[in-house]
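Colleague: I should like to learn how to read a binding site in a model. Could we go through one together, step by step?

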Amino acid sequence: MPVKTIFETKIEHVSILDEHGSFDADLGAGLIPDEDVVAMYKHMMVCRHLDEIAFKLQRSGRMGTYPENRGQEVPPLAAAYVLQEKDWMVTCYRENAGLFWRGLPMEKILLHWMGDERGNHIDNCNVTPPAIAIGSQMLHATGLAWSSKYKKDGAIACTFFGDGATSEGDFHEAANFAANLDLPVVFVCQNNGWAISTPTKLECSAPTVAQRGIAYGMDCVQVDGNDIFAMVKVVRDAVKNARDNNRPTFIEALTYRLGDHTTADDARRYRDADELAMWEKRDPMIRLRKYLEDKDLWSSAQEEEQLAEASKIVTTVVKNAEEIEAPTSNDFFDCMYTDLSPQLQLQRDTMRTSSLGQDPSQVTIQPKEGAVQ
Ligand SMILES: Cc1ncc(C[n+]2csc(CCOP(=O)(O)OP(=O)(O)O)c2C)c(N)n1
Ligand SMILES: [Mg+2]
């Protein structure tokens with residue numbers, strides 16, 4: 001029996017606006033109207049300012065742990081730009097730029113990281129709360145896509161996750177399910193080179209993360225994730241494939257987190273200063289600003305103006321988040337169950353007393369000292 005090749009594949013890498021600001025006019029022509037590019041740049045400035053302020057809130061004890069998004073704004077923003085209102089964006093925790101573009105109030109993200117459950121109550125747009133259990137959200141996206149296919153409502157799901165998340169079983173289950181059931185899902189992996197302190201090469205020995213999708217029979221592509229034009233192009237293709245053909249696509253977006261993993265981390269302990277310096281030069285905002293300035297679409301005066309605007313927006317957002325009425329301990333019960341059993345009702349009604357769980361008619365109910373109301 002002769003040995004013959006029965007399967008060969010390749011992974012394409014897409015780049016349109018490179019780190020030096022040069023633009024591939026053939027690939028990039030007509031992709032994004034100028035006014036939208038300006039709007040995206042302005043949006044990124046606001047997001048980055050929020051990121052900076054969130055970091056300071058944590059450092060000054062006004063917020064819990066926070067994962068900086070700085071440097072990774074482009075992939076989620078591109079997806080949010082392409083998706084339709086009915087579609088789902090199902091993310092982890094470094095996708096603020098896309099969530100806000102879709103209409104998620106910024107206060108929600110601050111509340112989430114302040115430990116306030118109301119940050120997860122989203123009723124104005126099709127996005128899910130940040131998924132902290134790594135990989136779990138890919139299954140949710142696949143389920144949402146399955147339900148859309150079943151209901152024939154034409155919606156697709158676009159899910160975001162990190163390079164590290166592709167080493168979780170959840171990724172493989174979601175990918176297998178989506179590909180075998182022909183589901184309209186777009187899998188976007190933000191490959192930032194690290195899963196906290198574990199470099200990607202230690203958990204993926206293949207030359208690209210993208211090729212992990214090939215095993216499931218998906219179209220796979222790698223893209224410069226700091227290039228808004230390339231990102232919009234590949235997401236648009238993937239969304240079309242999902243919507244028209246019910247086929248999932250795997251996108252590996254090469255990017256970098258310019259900050260620490262979270263405020264609980266110090267990346268200087270494991271990341272090379274030279275590596276960081278190299279990626280600082282590839283900052284998506286530097287190249288976009290240069291692109292806009294070269295086309296006379298942006299000026300220093302506009303930059304100043306937008307910085308002031310970002311500061312104004314973020315100040316209001318922080319004020320709204322911090323001044324929200326304090327939650328009551330009844331929320332433990334009321335937000336968890338639709339119908340409370342008599343026992344739980346009793347616990348709720350007596351939890352701020354010294355007679356937790358006892359029948360109020362049979363004991364003298366005394367408010368507990370120092371109880372939160
Ligand atoms: C199931 C699970 N395991 C471990 C963790 C702890 N953890 C939090 S973030 C992280 C690394 C994730 O890396 P990656 O998927 O590359 O995302 P990135 O933070 O780089 O964006 C780990 C292991 C977790 N949150 N959930
Ligand atoms: Mg990572």
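Modeller: Let us begin with polar contacts to the ligand. In this predicted model, a polar side-chain atom of Tyr93 lies 2.7 Å from an oxygen atom of ligand 1. Such a pair counts as a polar contact because its N or O atoms are within 3.5 Å. A polar side-chain atom of Asn192 is likewise placed 2.8 Å from an oxygen atom of ligand 1. Ala165 instead uses a backbone N or O atom, 2.9 Å from an oxygen atom of ligand 1. The protein covers 70% of the 590 Å² of accessible area that ligand 1 has on its own.

Colleague: Which residues come nearest to ligand 1, and how is the shell made up by class?

Modeller: Of the 15 residues around ligand 1, the nearest are Tyr93, Arg94, Ile132, Gly164 and Trp194. By class, the shell comprises eight nonpolar, four polar and three charged residues.

Colleague: Which residues coordinate the magnesium ion (ligand 2)?

Modeller: For a metal, one lists the donor atoms and then their places in the sequence. Here Asp163 (OD), Asn192 (OD1) and Trp194 (O) coordinate the magnesium ion (ligand 2) at 2.1 to 2.2 Å. Their spacing in sequence is D-x28-N-x1-W. Asp163 belongs to the loop between β3 (157-162) and α7 (169-180), and Trp194 to strand β5 (residues 194-195), so the pair ties together parts that are 31 residues apart in sequence.

Colleague: Are Asp163 and Trp194 buried or exposed?

Modeller: The cut-off for buried is under 20% relative accessible area. Asp163 therefore counts as buried, at 2% relative accessibility, and Trp194 also counts as buried, at 12%.

Notes
Residues are numbered from 1 along each chain as its sequence is written. Chains are lettered from A and ligands numbered from 1 in the order in which they are written. This is a predicted model: local features need pLDDT of at least 70, side-chain atom pairs count only at pLDDT 80 or more; totals for chains, interfaces and linings use all residues. Side-chain values use heavy atoms; hydrogens and water are left out. A residue is near a molecule or strand if one of its heavy atoms lies within 4 Å of it. A polar contact is a pair of N or O atoms within 3.5 Å; within protein, one must be able to donate a hydrogen and the other to accept it, and residues adjacent in sequence count only if both atoms are side-chain atoms. Accessible areas come from the Shrake-Rupley method with a 1.4 Å probe; for residues, only the protein chains shown count as cover. Ala, Val, Leu, Ile, Met, Phe, Trp, Tyr, Cys and Pro count as nonpolar, Asp, Glu, Lys and Arg as charged, and the others, Gly among them, as polar. Donors are N, O and S atoms within 2.8 Å of the metal (3.2 Å for Na, K and Ca); water is not among the atoms, so sites may look incomplete. Helices (H or I, at least four residues) and strands (E, at least two) are DSSP runs, numbered from the N terminus. Buried means under 20% relative accessible area, exposed over 50%, partly exposed in between (1.4 Å probe, protein chains only).
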